[in-house]
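Biologist: I am new to this structure and would like a short tour. Could we go through it together, topic by topic?

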Amino acid sequence: MSEEPDTDLISVGVCQIGAESDWRVANSESIKGTFTEENGYQLYFEDAQQKQENQFRAIRRFIQQQVDYIVLMPITETGWESVLQEAREAGIPVILVDRMVDVEDETLYATHIGSDFLQEGRTAMDWLEQRTPEGKPLSIMHIRGTMDSSAQQGRSDALEEALGRHPDWTLLTRLDGDFTQAKAYEVVNEFLAGQPEPVPIDVVYCENDNEAFGTIQALEENGYPCGPEGVTVISFDATTSGLELCAQGKIALEVECNPLLGPLVEQAIRTLEQGGTLPRQQYVEEKTFTPSQVTESLLAGRTY
Ligand code: GZL
């Protein structure tokens, strides 16, 4: 970023995680579509390629650039104290978007706008409990998202809670899919190749759609069909591609995670510009979808 910020525009430094998933791409598009010059903003957008140290570097660049606001999508929850203190010392408000940070001093950020990941997971577990007769054994494969991210922690905690309620449910394995299709495909194939004989898999709990895509491909290539007569796949995000697989019955439950956060972030900046105060936490509305609920009109109306 060589040019000095244009003083008529509100300068916003956005520190994005990467482009690891359909969800993330849609989230970035929402931000870029909101913070345009015609809307009164000068946008500095940094893609950290899924590395926290790149996020630290980007935030320090924004501080040097003396942007008016920093928008941070923190890849993981820990390690943020010093760089957020530097932003505060520079007098630059930080707005957290999507995932959360784990800091003692909550005044290090102006607000958090995103999802309640634990509630998303609990919603998925409520659905699974309602459709599973009491006492029926289940063997569950868990594909975790990026470790230490709040999305992974919340969704994983909900599954652990449910396993604690159901002694008849067995956790077959926990695999780390890092929210990507390629990694999920790799680790599921590795797991299946390591089994001396076919294993019973009743449910696969994928912590985002891109993991579900890779998992379903690996399962079906290894003779485990996914669907009403086969493996029950639970996924998060409800992207268009995820909903299309849900409509086909390959994903039994989609838990929506809304990536279109640009307008809410802009509202927060406008409030701060007018000297207003913000709630610490702003959760977004999210729904769930089962195959019969994924209609043509729903798909036609999806923008991500
Ligand atoms: C959730 C977000 C997660 C998505 C994944 O808000 O942090 O990261 O569920 C994305 O698709 O990679």
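Modeller: Certainly. One convention comes first: an axis here is a line fitted to C-alpha atoms, for helices over the stretch in contact, and angles run from 0 to 180 degrees between N-to-C directions. Please also keep in mind that this is a predicted model.

Biologist: Good. At what angle do the axes of α1 and α9 cross?

Modeller: Helix α1, residues 22–34, and helix α9, residues 262–273, have axes that cross at roughly 45° and come within 8 Å. The two helices are therefore oblique to each other.

Biologist: Which residues meet there?

Modeller: From α1 there are Ser30, Ile31 and Thr34, and from α9 there are Gly262, Pro263, Val265 and Glu266. The residues of this contact comprise three nonpolar, three polar and one charged.

Biologist: Turning to the sheets, what is the strand order in the one with parallel pairing?

Modeller: That open sheet has six strands in the order β2-β1-β3-β4-β5-β11. Strands β2 (41–47) and β11 (281–283) are at its edges; each has a single partner strand, so one side of each lacks a neighbour in the sheet. From one strand to the next, the twist averages 20°.

Biologist: And what packs on this sheet?

Modeller: Helix α1 does, touching β1 (10–16), β2 and β4, with its direction at about 160° to that of β2. Helix α2, residues 52–65, also packs on the sheet, where it touches β1, β2 and β3 (69–72). The direction of α2 makes about 170° with that of β1.

Biologist: How many bridges join β4 to β5?

Modeller: Four bridges join β4 (residues 94–98) to β5 (residues 111–114), and the two strands run parallel. Leu96 has His112 in β5 as its bridge partner.

Biologist: What about the pairing of β5 with β11?

Modeller: Those two strands pair in the parallel sense over three bridges. Here His112 is opposite Gln281 in β11.

Biologist: Are the faces of β5 covered or open?

Modeller: Both are covered. In a regular strand, side chains alternate between the two faces of the sheet. In β5, Thr111 and Ile113 are on one side, His112 and Gly114 are on the other, and all are buried.

Biologist: Changing topic, how many aromatic pairs are there?

Modeller: The count comes to three aromatic pairs. One of them is formed by Phe35 and Tyr41, which are edge-to-face at 4.8 Å centre to centre, with 80° between the planes. Phe35 and Tyr41 are both buried.

Biologist: Why do Phe56 and Trp80 count as edge-to-face?

Modeller: Planes over 60 degrees apart count as edge-to-face. The ring planes of Phe56 and Trp80 are at 80°, with centres 5.2 Å apart, so the pair is edge-to-face. This pair links distant parts of the chain: Phe56 lies in helix α2 and Trp80 in the loop between β3 and α3 (81–89), 24 residues apart. Both Phe56 and Trp80 are buried.

Biologist: Next, the other sheet. Which strands stand at the edges?

Modeller: The order of this open sheet of six strands is β7-β6-β8-β9-β10-β12, with mixed pairing. Its edges are β7 (169–176) and β12; each has a single partner strand, so one side of each is left without a neighbour in the sheet. Within the sheet, β9 (residues 232–237) and β10 run parallel and are joined by four bridges. Ser235 is opposite Glu254 in β10.

Biologist: Which strands does α6 lie across?

Modeller: Helix α6, residues 181–193, lies across β6 (138–144) and β7, at about 125° to β7. Helix α7 packs on the sheet too, touching β6, β8 (203–206), β9 and β10, and its direction makes about 155° with that of β9.

Biologist: Which residues of α8 are buried?

Modeller: In α8, residues 240–247, the buried residues are Thr240, Gly242, Leu243, Leu245 and Cys246. Their cover includes α7 (209–221), β10 (253–256), β12 (288–289) and α10 (296–301). Just after α8, Gly249 has a positive phi of about 90°.

Biologist: Finally, is Ser150 buried or exposed?

Modeller: Ser150 is buried, with a relative accessible area of 6%. This residue is placed in helix α5, residues 150–165. Leaving aside residues up to four places away in sequence, Ser150 touches Glu77, Arg99, Met100 and Phe117.

Definitions and conventions: Residues are numbered from 1 along each chain as its sequence is written. This is a predicted model: local features need pLDDT of at least 70, side-chain atom pairs count only at pLDDT 80 or more; totals for chains, interfaces and linings use all residues. Side-chain values use heavy atoms; hydrogens and water are left out. Angles under 35 degrees count as roughly parallel, over 145 as roughly antiparallel, 65 to 115 as roughly perpendicular and the rest as oblique. Contact means heavy atoms within 4.5 Å. Ala, Val, Leu, Ile, Met, Phe, Trp, Tyr, Cys and Pro count as nonpolar, Asp, Glu, Lys and Arg as charged, and the others, Gly among them, as polar. Two strands pair if DSSP finds at least two bridges between them. Rings of Phe, Tyr and Trp (its six-membered ring) pair if their centres lie within 6.5 Å; planes under 30 degrees apart count as stacked, over 60 as edge-to-face and the rest as tilted. Buried means under 20% relative accessible area, exposed over 50%, partly exposed in between (1.4 Å probe, protein chains only).
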